[in-house]
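Thanks for coming. I have one structure to go through today, and I will keep to how its parts fit together.

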Amino acid sequence: MRKITIDPITRLEGHGRIEIFLNDAGDVDKAYLQIPELRGFEKFCEGRPAEEMPRITTRICGVCPTAHHMCSTKALDDLWKVEPTSTAKKIRRLMYNAFVAEDHIFHFFFLAGPDFVVGPQAPAGERNILGVIGKVGMEAGGKVIKVRKGLRGVIQTIGGKVIHPVCGLPGGVSKVITEEERKDFIEAAEYAVEFSKWALELFDNIVLKNTEYVDLVTGDIYKHRTYYMGLMDENNKVNFYDGDLRVVDPNGKEYVKFKGRDYLDHIREHVEPWNYMKFCFLKNVGWKGFIDGEDSGIYRVAPLARLNAAEGMATPLAQEAYEKMYEVLGGKPVHNTLAFNWARLIEALYASEEMLELAHDPELTSPDIVNLPTETPKEGIGVVEAPRGTLFHHYQTDEKGILTKVNLIVATTNNMAPIDMSVEKAAKSLIHKGEVSDGLLNMIEMAFRAYDPCMACGTHALPGQMPLEVTIYDAQGNELKKLSRGIS
């Protein structure tokens, strides 16, 4: 049996490889997205004071540290049973929306966008941000730099650091916002709104007006009928920071809606021997394997999933874009994986609008930024919508707040089963008679890239390389050779 390996896979955060096995006819028999590192973050958090977690967990990943910081901070709110002040919530939401908008813009223009703007089968050396700038012009590159600078400035001002923020406290935040800073936030948000509108116009002109791309987005190669989950406000509108988790079935009908702290009543994790990543599924449907449909417990998270689970967007411009996407793609829910990229730009616009609304709120500069906890800690659960999907932090402590158990379910873990299904379906659809090319293999990578996975979050390696020992024996059981890595 012939094997094709894509190692490393590209334009994502973290490490992984794709193993494709061909049958005698040269068609795909099986394909796997394999994550060959061990996640150890939960274990080495045990024994530490819980209040350190918002700073520790940001080190899981350099791309989405703000998501872990915010989720961890919310877990501490729940752990000490303390409600943040109104001002603190608004400051947190402002920073978080700036983070989501910046992250979505980064993913589209640097990671997923080159496949559409430059072309899925363009030479590998052109499928990057420089190729995008070459296609749409230097002015576009300047816009991307400007919007990211402004949004990251908001994160740094509130969070203290742009990569590993330190502002979150149980019951609030650590820093008062000045009036001058609020004016800077307004300026950054106004530009982010205009940029997001321009990005959607770019998507319209380059992708939607190209029949080859539209056929790729709407075709069967990148399509799966699954359940969808996302955090919703009281009106079932998308909310990144707070709300209830809503799950809809493959027909778009509400399956369940639940509080984040009840997640273990609805979500379970499955393991496979060929992957260090876990695979989430809906507990009350059950694990039926890597299959689609109502009878499968597999669900999806992240931008398209959130829009499918929602009944709309909470801001006007994003609502218009939301309605257009579903009109063009034939109604809800949309099962086409590549549409995650379109949904991502709609969410960037929503986050920018939400950020602008918060920046105009004069309460943002109130000195009332923290409520001090008084309860004895025992157990706390935090949930937010990371750019890549739903993120859970679950802590258990002794009476002194020392961690005894930690459980983290990250967005990519929620999405891992459908990601693997998407890779295999793309491989089976594209490889025939053993014929492959660099562009074709890139199209297989597009199946995971649309999810914007973060393998570093899902399978954090400790001490940086997974220890491995392999012993080779002959047919009689005699040891021929021993290979080891990371073992002294």
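I will start with the domains, then take the interface, then the nonpolar cores.

Please keep in mind that this is a predicted model. The chain is split into two domains, and each is built from two stretches of sequence. Domain 1 takes residues 2-37 and 431-485, while domain 2 takes 83-222 and 337-372. Between their C-alpha centres there are 32 Å.

Now the interface. On the domain 1 side, 14 residues make contact, and they meet 19 residues of domain 2. The size of an interface is often quoted as the accessible area lost when the parts come together. Here, about 1400 Å² is buried between domain 1 and domain 2, and carbon and sulfur atoms account for 54% of that area. Which three residues of domain 1 supply the most of what it buries against domain 2? They are Arg11, Met443 and Met446, with 42% of the domain 1 share.

As for polar links, eleven residue pairs are in polar contact between domain 1 and domain 2. The touching side of domain 1 consists of seven nonpolar, three polar and four charged residues. Three salt bridges cross the interface. In a salt bridge between Asp438 and Arg127, the closest N and O atoms are 3.3 Å apart.

Last, the cores. The largest nonpolar core holds 146 residues, and Ile20, Leu33, Phe109 and Ile444 have the most contacts inside it. Both domain 1 and domain 2 contribute at least three residues each to this core. A second core, separate from that one, has 18 residues, including Tyr227, Leu231, Leu245 and Phe258.

Back to Ile20: what does it touch, leaving aside residues up to four places away in sequence? Its contacts include Ile4, Val28, Ala427, Ile431 and Ile444, and also the charged residues Arg2, Lys3 and Lys30.

Key:
Residues numbered from 1 in each chain as written. Predicted model: local features only at pLDDT ≥ 70, side-chain atom pairs only at ≥ 80, totals over all residues. Heavy atoms only, no water. Domains from an automatic or database assignment. Contact = heavy atoms within 4.5 Å. Buried area = accessible area lost by both parts, 1.4 Å probe. Salt bridge = Lys/Arg side-chain N within 4 Å of Asp/Glu carboxyl O. Polar contact = N/O pair within 3.5 Å; in protein donor to acceptor, adjacent residues only side chain to side chain. Core = buried A, V, L, I, M, F, W, Y, C linked by side-chain atoms within 4.5 Å. Buried < 20%, exposed > 50% of the residue type's maximum accessible area, 1.4 Å probe, protein only.
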